[in-house]
Amino acid sequence: MEVGGWHPGAAARRARAEELSLVASPRSTRRKLAVATWRPSRDGRLYGRVAIDATALLKFVADLRESSGVRVSVTHVVGKAAARAMREVPEAHARVVLGRIVEFPRCDVGFAVDIAGEDLAPVKVAAADTLSVPEIAQALEAGALDLRAGRDPAYLMTSRLARLLPPSLIRAALNLASVVNGGLGRAAFGQPAFPLGSVFVSNVGAFGLDEVLLAQVPFARVPVYVCVGRISDAALVVDGQVMVRPQLIVTFTSDHRIVDGAQAGRFVHAVKEALLNPSLLSS
């Protein structure tokens, strides 16, 4: 039945055409993967937030830059703190494989890297809990340079597939990668094992954002995501008095199948203590 020039079949065809035109339009690899990855939220997630007096942290970063000659940043320190927290809360250092909780073999930290303001891609720093902060910074810088210069084979393969495949096939490929790369931990399809590591760190402070709760990437099976916000002045209580200090907000998103409230509390506490007393990260 057609009413006033409107026909349900024609409307559906127009909507489908608009959807296809959007898919066909130029988009970053990350956005194409996002379209194929996420459906309406229904899975168990646990969120956390902590505000930190960044005075000691900023001094630690400045001192490390001077002593090591490496361009250390707050992000690198947070990555090291998260890796150390995983070591202290081993129950959280696991993923779900075929209905079973399986521990990761080592603590690799993935970092989100901006590519010319047009795309995002991960750089994974292997065994980050065994590295110093300057070593993490150097590994991340090397990986970022390869990404931006077009020398990262995994990103090139992902970009090629995102260009060539429709969303339905990208979703099927991601489901397969979820089992093989993210679950079983096998390098395949041009992708490494555990492509985002066992904890993932992103810095939104670089974009002027105070805090963001990160969305989980299901195929990677990362148990904990850590987001670093912008450092800004805030009124904080120091020794019973209100003072203006630099404040950093760090948020956490975790897989509630693996991380419960007690484990989340221990993990967040370990990160907070390390950032308030960053000399702990030198040991």
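Let's start with helix H8, residues 261-276, in what is a predicted model. Its 16 residues, at 1.5 Å each, should span 22 Å, and the end C-alpha atoms are indeed 22 Å apart, so the length agrees with expectation. Right at the start of H8, Asp260 sends a side-chain oxygen to within 3.2 Å of the backbone nitrogen of Ala262.

Which residues of H8 are buried? They are Gln263, Ala264, Phe267, Val268, Ala270, Val271, Ala274 and Leu275. Look down the axis of H8 and these buried residues fall within an arc of 155°, so they line one face of the helix. There's a simple bit of geometry behind such patterns: an α-helix has 3.6 residues a turn, so residues three or four places apart point the same way. As for what covers the buried residues of H8, the list includes strand S1 (45-53), helix H3 (55-68), helix H4 (74-88), strand S7 (224-228) and strand S9 (241-255).

That brings us to the nonpolar packing. The largest nonpolar core has 55 residues, and Val77, Val226, Phe267 and Leu275 touch the most other members. H4 supplies the largest share of this core, with 8 residues. Apart from it lies another core, this one of 12 residues, with Leu174, Phe200, Val204 and Phe219 among them. Zoom in on Phe267 of H8: leaving out residues up to four places away in sequence, Phe267 touches Ala82, Ala85, Met86, Val89, Val224, Val226 and Phe252. In soluble globular proteins, nonpolar side chains tend to be buried together.

Just past this helix, Leu280 sits in the segment after H8. With a relative accessible area of 38%, Leu280 is partly exposed. Setting aside neighbours within four places in sequence, Leu280 is in contact with Arg84, Glu273 and Ala274. Arg84 is 196 residues away from Leu280 along the chain, yet their C-alpha atoms are separated by 9.9 Å.

Now for a hairpin. Strand S4 (residues 109-115) pairs with S5 in the antiparallel sense over 7 bridges, and Phe111 stands opposite Val123 in S5. The hairpin has 3 residues between the strands, and Ala116 takes a positive phi near 55°. Follow S5 along residues 119-125 and you'll see the side chains alternate: Asp119, Ala121, Val123 and Val125 point to one face and are buried, whereas Leu120, Pro122 and Lys124 point to the other and are not.

Helix H6, residues 153-164, passes the same sort of length check as H8: its 12 residues at 1.5 Å apiece should span 16 Å, and the end C-alpha atoms are 17 Å apart, which agrees. At the start of H6, a side-chain oxygen of Asp152 comes to within 3.1 Å of the backbone nitrogen of Ala154. The buried residues of H6 are Ala154, Tyr155, Thr158, Ser159 and Ala162. Seen down the axis of H6, they fall within an arc of 130°, so they line one face of the helix. On the other side of H6, Pro153, Arg163 and Leu164 are exposed.

Finally, what does Gln191 touch? Gln191 is placed in the loop between helix H7 (167-183) and strand S6 (199-203), and at 19% relative accessibility it counts as buried, because the cut-off is under 20%. Not counting residues up to four places away in sequence, Gln191 touches Ala154, Met157, Thr158 and Asn181. The side chain of Gln191 reaches the backbone oxygen of Ala154 at 3.1 Å and makes a polar contact with the side chain of Thr158, also at 3.1 Å.

Technical notes. Residues numbered from 1 in each chain as written. Predicted model: local features only at pLDDT ≥ 70, side-chain atom pairs only at ≥ 80, totals over all residues. Heavy atoms only, no water. Helix = DSSP H or I, 4+ residues; strand = E, 2+ residues; numbered from the N terminus. Expected span 1.5 Å × (residues − 1). Buried < 20%, exposed > 50% of the residue type's maximum accessible area, 1.4 Å probe, protein only. Arc of directions from axis to C-beta. Contact = heavy atoms within 4.5 Å. Polar contact = N/O pair within 3.5 Å; in protein donor to acceptor, adjacent residues only side chain to side chain. Core = buried A, V, L, I, M, F, W, Y, C linked by side-chain atoms within 4.5 Å. Pairing = 2+ DSSP bridges.
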